[in-house]
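Subject: Structure handover

Hi,

Here is the structure I promised to pass on. Please open it alongside this email; my notes follow below it.

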Amino acid sequence: MKRLTGVSRVGRVVWAYVRRAPGTYVWLAVLFVTTVALHHMSPEFEQEFLRQRSTNIHELSRHPVRVLVASAMWIDGGHWVPYVVLYSVFHAQAERWLGTARWLAVCAAAHVLATLVSEGALAVAIQDGLAPRSSVTTLDVGVSYALAGVAAVLVYRIGPPWRYGYLAGLLVFYGVPLAVEPTFTDFGHFVSVLIGLGCYPLVRGRESTRGSKGAGAAPTGGLRS
């Protein structure tokens, strides 16, 4: 009986948490459905299917709005469970704090702008002979640009002095790959972080006023996949 009561209590706590971040968990539900769909595709069909929904240069030049939306609904690689953790730690916290509309604005800004900037940089690299011409059709789907942007905007949620450690960890996590062996995706992630930090006008008035006793930093993460 005590065990059933404990399970019921946990269930109520989880539901209360989910209910206050509806956008986050609707998005996760969509990713679950699309991930299951990917597991029922052959590897060859999956690659071509995702390529048509990819924010590569070729598709962006033909169907920019469609692929910018569609690319955020698929996870290349088919591992959904880690995103449950990442979304609960970052997206849910940001949505509960900012409200769904402002949270979604941060997600959209990071996803769209980082995609356009990184693909623009790739186009220049191709033109200058620094990247193969086949890169115009590279596979580029996933949710990690939005995740990086939201992780960055949470800097303003954390009170000092923890804020500065969290920001430093964020810059190191996304900056080291860009410095060591950069790819256009690494560049996109770092741009996403800068965009998230630039979303301060959206969080003005909601910054944390708590000191070290009331704030803590969450680990950073998120790979475009």
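**An exposed loop residue: H79**

H79 counts as exposed, because its relative accessibility is 57% and the cut-off for exposed is over 50%. One thing to keep in mind throughout: this is a predicted model. H79 sits in the loop that links helix 5 (64-70) to helix 6. Its C-alpha atom is 10.0 Å from that of L31, and the two residues are 48 apart along the chain. L31 comes back below, as one of the helix 2 residues that touch helix 6.

**Overall layout**

The protein has 225 residues, and 43% of them count as buried. It contains 11 helices and zero strands. Read from the N terminus, the order of elements is α-α-α-α-α-α-α-α-α-α-α. Now take the contacts in the protein with a separation of 6 or more: 81% of these come from residues 24 or more positions apart.

**Helix 2 against helix 6**

How far apart are the axes of helix 2 and helix 6? They are 8 Å apart, and the helices pack at an angle of about 155 degrees. Helix 2 is therefore roughly antiparallel to helix 6, as angles over 145 degrees are classed that way. The crossing of this pair is right-handed. On the helix 2 side (residues 22-39), the contact uses P22, G23, T24, Y25, W27, L28 and L31. On the helix 6 side it uses Y83, V84, Y87, S88, H91, A92 and E95. By class, the residues of the contact of helix 2 with helix 6 are nine nonpolar, four polar and one charged.

**Helix 6 against helix 8**

Helix 6 spans residues 81-98 and helix 8 spans residues 144-153. Their axes come within 10 Å and cross at roughly 55 degrees. That angle makes helix 6 oblique to helix 8. The crossing is left-handed. Helix 6 contributes L86, F90, H91, A94, W97 and L98. These meet A146, L147, V150, A151 and V153 in helix 8. The contact of helix 6 with helix 8 has 10 nonpolar residues, one polar and no charged. Note H91: it appears in the contact with helix 8 and also in the contact with helix 2.

**Helix 8 against helix 10**

Helix 10 covers residues 184-197. The axes of helix 8 and helix 10 come within 7 Å and cross at roughly 35 degrees. Here the crossing is right-handed. From helix 8, the contact takes S144, Y145, A148, G149, A152 and V153. From helix 10, it takes F184, T185, G188, H189, S192, V193, G196 and L197. Which classes make up the contact of helix 8 with helix 10? There are seven nonpolar and seven polar residues, and no charged ones. V153 of helix 8 takes part here and also meets helix 6.

**Two positions in helix 7**

A101 is in helix 7. With a relative accessible area of 64%, A101 is exposed. A101 and G23 are 78 residues apart in sequence, but 9.1 Å apart in space, C-alpha to C-alpha. G23 is also one of the helix 2 residues in the contact with helix 6.

A105 lies in helix 7 as well, which runs over residues 100-127. Its relative accessible area is 31%, so A105 is partly exposed. The C-alpha atoms of A105 and L202 are separated by 8.5 Å, and these residues are 97 apart along the chain.

**Two loop details**

Is T55 buried or exposed? T55 counts as buried, because its relative accessibility is 0% and the cut-off for buried is under 20%. T55 belongs to the loop between helix 3 (43-51) and helix 4 (57-62). The side chain of T55 also has a polar contact of 3.0 Å with the side chain of D140.

The other detail is a peptide bond. From P160 to P161 the bond is cis, with omega near 5 degrees. P161 is in the loop between helix 8 and helix 9 (162-180).

Best wishes

Key:
Residues are numbered from 1 along each chain as its sequence is written. This is a predicted model: local features need pLDDT of at least 70, side-chain atom pairs count only at pLDDT 80 or more; totals for chains, interfaces and linings use all residues. Side-chain values use heavy atoms; hydrogens and water are left out. Helices (H or I, at least four residues) and strands (E, at least two) are DSSP runs, numbered from the N terminus. Buried means under 20% relative accessible area, exposed over 50%, partly exposed in between (1.4 Å probe, protein chains only). A polar contact is a pair of N or O atoms within 3.5 Å; within protein, one must be able to donate a hydrogen and the other to accept it, and residues adjacent in sequence count only if both atoms are side-chain atoms. Axes are lines fitted to C-alpha atoms, for helices over the stretch in contact, and angles run from 0 to 180 degrees between N-to-C directions. Angles under 35 degrees count as roughly parallel, over 145 as roughly antiparallel, 65 to 115 as roughly perpendicular and the rest as oblique. A crossing is left-handed if the near helix is turned anticlockwise from the far one by less than a right angle, and right-handed if clockwise. Contact means heavy atoms within 4.5 Å. Ala, Val, Leu, Ile, Met, Phe, Trp, Tyr, Cys and Pro count as nonpolar, Asp, Glu, Lys and Arg as charged, and the others, Gly among them, as polar.
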